[in-house]
Structure formats: structure tokens, C-alpha cells
Amino acid sequence: MSKYLVTGGAGYVGSVVAQHLLEAGHEVTVLDNLSTGFRAGVPAGAEFVEGDIRDAAKWLDSTYDAVLHFAAFSQVGESVVKPEKYWDNNVGGTMELLGAMRAAGVGKLVFSSTAATYGEPEQIPIVESAPTAPTNPYGASKLAVDHMITGAAAAHGLAAVSLRYFNVAGAYGSCGERHQPESHLIPLVLQVAQGRREAISVFGDDYPTPDGTCIRDYIHVADLAEAHLLALDAAVGGEHLICNLGNGNGFSVREVIETVRKVTGHPIPEVIAPRRGGDPAVLVASAQTAIDRLGWRPSRADLAGIVADAWQFAQQLERTQ
């Protein structure tokens, strides 16, 4: 059994990873300031500490085997109008966390990075060696942290893995998406099915894709969580490994909407809206590095299954509110 600190473990991905760690028999402490996370999202069996990552030194000590770091602001639109918030927390907060790890002698880190570090890709599928050119402060802040981690691995022997997610979706047990405000496509379409939203906005139907709408790579959150556990085993001192996490398949906005119609049995009205700036036509990952280095393969690639899990969670959440 190992002992892990999960920062941001009251959020969507962090809570699912914490649950997987507990199921694997590990000891878990969740550190979250609840600014975007939910106390109810912390899995039973985890110790919960309400606090900021800048104060991690108060709790982090040599009994911890590693840190899994999810504590970041992640709203792209907000990052454009409040970039200082993202530099302060995502970059400044992580710098404090890395310092606390060095002081405590904790030498292993798994970092929640993002496909937003690539910006608008030149080639599909996207590989880790692709140019990084983020189009918003959120992506830029995550890329800055990746550079910071590379330096820490070289200078201090940190064993680190950054996992660059594509579109995470689905739910696992009592953990699912409950962002405020919600910005992800699948839960937004499910809100239409629940009657909480009149229609779903389709931002552009004239892209160079088969049905004219953007194509994205969706990965089930449980597959994502399993990659984090594998990353803990694969981390090597002095190395910063970067892996994309995706299914390698893309689904268009219209395919997602049609899948929600079939899963829920509800009509989903669409409203065509102008394209959003910086939205690439296609974002699909190559996960070959994760396959080769982590021994990871996604096992829940079926879009209908991802939507069904998300729908079950959305209904469960509605009943408890």
C-alpha cells in the first residue's frame, strides 16, 4: 500500500482518480479548496483536507509516496478575460507545490495536463512531439507547468509524468461532471434532455468535416483514471514523461447530439451559432506513447456507453438536488 496526496481531488477527474486509488488499496489524502470542487465528490475512505495548494507544505511529509496534481482552474473562456487568475493559481500554485514536495522529500508527481497545450494542430492525430502553441491562457498556463516540471526533473531528480487529456466524459460511481458553469458538450446536451436547457448551440456547421461540425476525441473518465495509476508505476527519477490520453477516434458535435437522443430518448433541439474563435476542426490524439510506456489502452471507447454513464450520473445528481 502506498500513500498519495491528490490535489484537486474534489473535482471531476481528481475524484475519480482518488476513487481508483482507494479501490487499489492505497491511502489517499485529498487536498482541495472547494473553489470549483465539491465536498460530496470526495470518495468515501479518503482523508479530506480543505486548503489551497500553496499551503501543501502544512500537510505534505515524507510518508507520502507521490502527488497527483489536479488543482487548476480550467475554464478556457474565463482564462481569456482573467488570465492573471490562471497564471497565479495554475503556475504560481504549482511552483509552491513543487517546493513543498522537495522540502518533504516526495519525489514523484503525476500532473493533469491538457491537449490545449497544442493549440491548433498542424497534423492529426496529435503526437507529443507536435508543436505546442496554446491559443488561450489556460493552455499556456498548463504548458508553463509542463516546462517547470521538466526543469525540476532535470535539476532535482523528480520522477514525473504529465498526462495530456483530450475530451474527458462519462462518470464513475458517484463521481461525474458538475462544473459551474458547465462548458463541456456532453453534459450540456444532457441538460437539454433534462429540460434544464431549451436547445444545444452548435458553434459552426461549416467546418471541413463530414457533417460540418467539429470533431473531438472523447475518453471515458475511468479509462483516464487507470492511466494515472499506471503513470505512478512508470515514473522514473530524473525523467519527465509526457503522454497524450485519448481514444484515437473522433466524434463530431452532431454525432454526440444524436447519440444523446438515442441514449436518453429525448429530442434535442439544435441552434446553429457562429464559430468560436480558436476552435480547430479536428482534435484527435495519438495515445501510442501511453500504450508503449504505460501499458495503457482505453477499454470504454464506445460513445453510447460514455453518454449512458454520464446520463445516469446526471439523473442521479438531479434527484439529490
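This passage walks through a few strands, a few side chains and one surface patch in a predicted model.

Strands make a handy starting point. In β11, which covers residues 240-245, five of the six residues are buried, leaving the strand mostly covered. Its partner is strand β6 (residues 159-165), and the two pair in the parallel sense over six bridges. At one spot in this pairing, Y165 stands opposite L245 of β11.

A second parallel pair is made by β8 and β13 (residues 270-273), joined by four bridges. Here F203 has A273 in β13 as its bridge partner. Strand β8 itself, residues 200-203, shows a neat back-and-forth pattern: I200 and V202 point to one face and are buried, whereas S201 and F203 point to the other face and are not buried. That pattern fits a general rule, since side chains in a regular strand alternate between the two faces of the sheet.

Y165 turns up again in the surroundings of H228, a residue of helix α6 (residues 221-234). Is H228 buried or exposed? With a relative accessible area of 0%, H228 counts as buried, because that value falls under the 20% cut-off. Leaving aside residues up to four places away in sequence, H228 touches V17, L68, F70, V110, L163 and Y165. With Y165 there is also a polar contact, side chain to side chain, at 2.7 Å. Sequence distance can be misleading here: H228 and L21 are 207 residues apart along the chain, yet their C-alpha atoms are 9.2 Å apart in space.

Loops can hold covered residues too, and E177 is a case in point. E177 sits in the loop between β7 (167-169) and α5 (185-193). Its relative accessible area is 10%, so E177 is buried. Which side chain makes a polar contact with the side chain of E177? The partner is H184, at 2.6 Å. H184 is also among the residues that E177 touches, a list that further includes Y12, V168, A169, E182, P187, F313 and L317 once residues up to four places away in sequence are set aside.

The last stop is on the surface. Together, V76, V80 and V81 make a nonpolar patch of about 260 Å². V76 belongs to helix α2, which spans residues 76-81. Why can V76 be part of such a patch? V76 has a relative accessible area of 36%, which makes it partly exposed, and patch residues need over 30%, so V76 clears that bar.

Definitions and conventions
Residues are numbered from 1 along each chain as its sequence is written. This is a predicted model: local features need pLDDT of at least 70, side-chain atom pairs count only at pLDDT 80 or more; totals for chains, interfaces and linings use all residues. Side-chain values use heavy atoms; hydrogens and water are left out. Patches are made of residues with over 30% relative accessible area and no salt bridge: like charges are joined within 9 Å, nonpolar side chains (Val, Leu, Ile, Met, Phe, Trp, Tyr) within 5 Å. Accessible areas come from the Shrake-Rupley method with a 1.4 Å probe; for residues, only the protein chains shown count as cover. A salt bridge is a side-chain nitrogen of Lys or Arg within 4 Å of a carboxyl oxygen of Asp or Glu. Buried means under 20% relative accessible area, exposed over 50%, partly exposed in between (1.4 Å probe, protein chains only). A polar contact is a pair of N or O atoms within 3.5 Å; within protein, one must be able to donate a hydrogen and the other to accept it, and residues adjacent in sequence count only if both atoms are side-chain atoms. Contact means heavy atoms within 4.5 Å. Two strands pair if DSSP finds at least two bridges between them.
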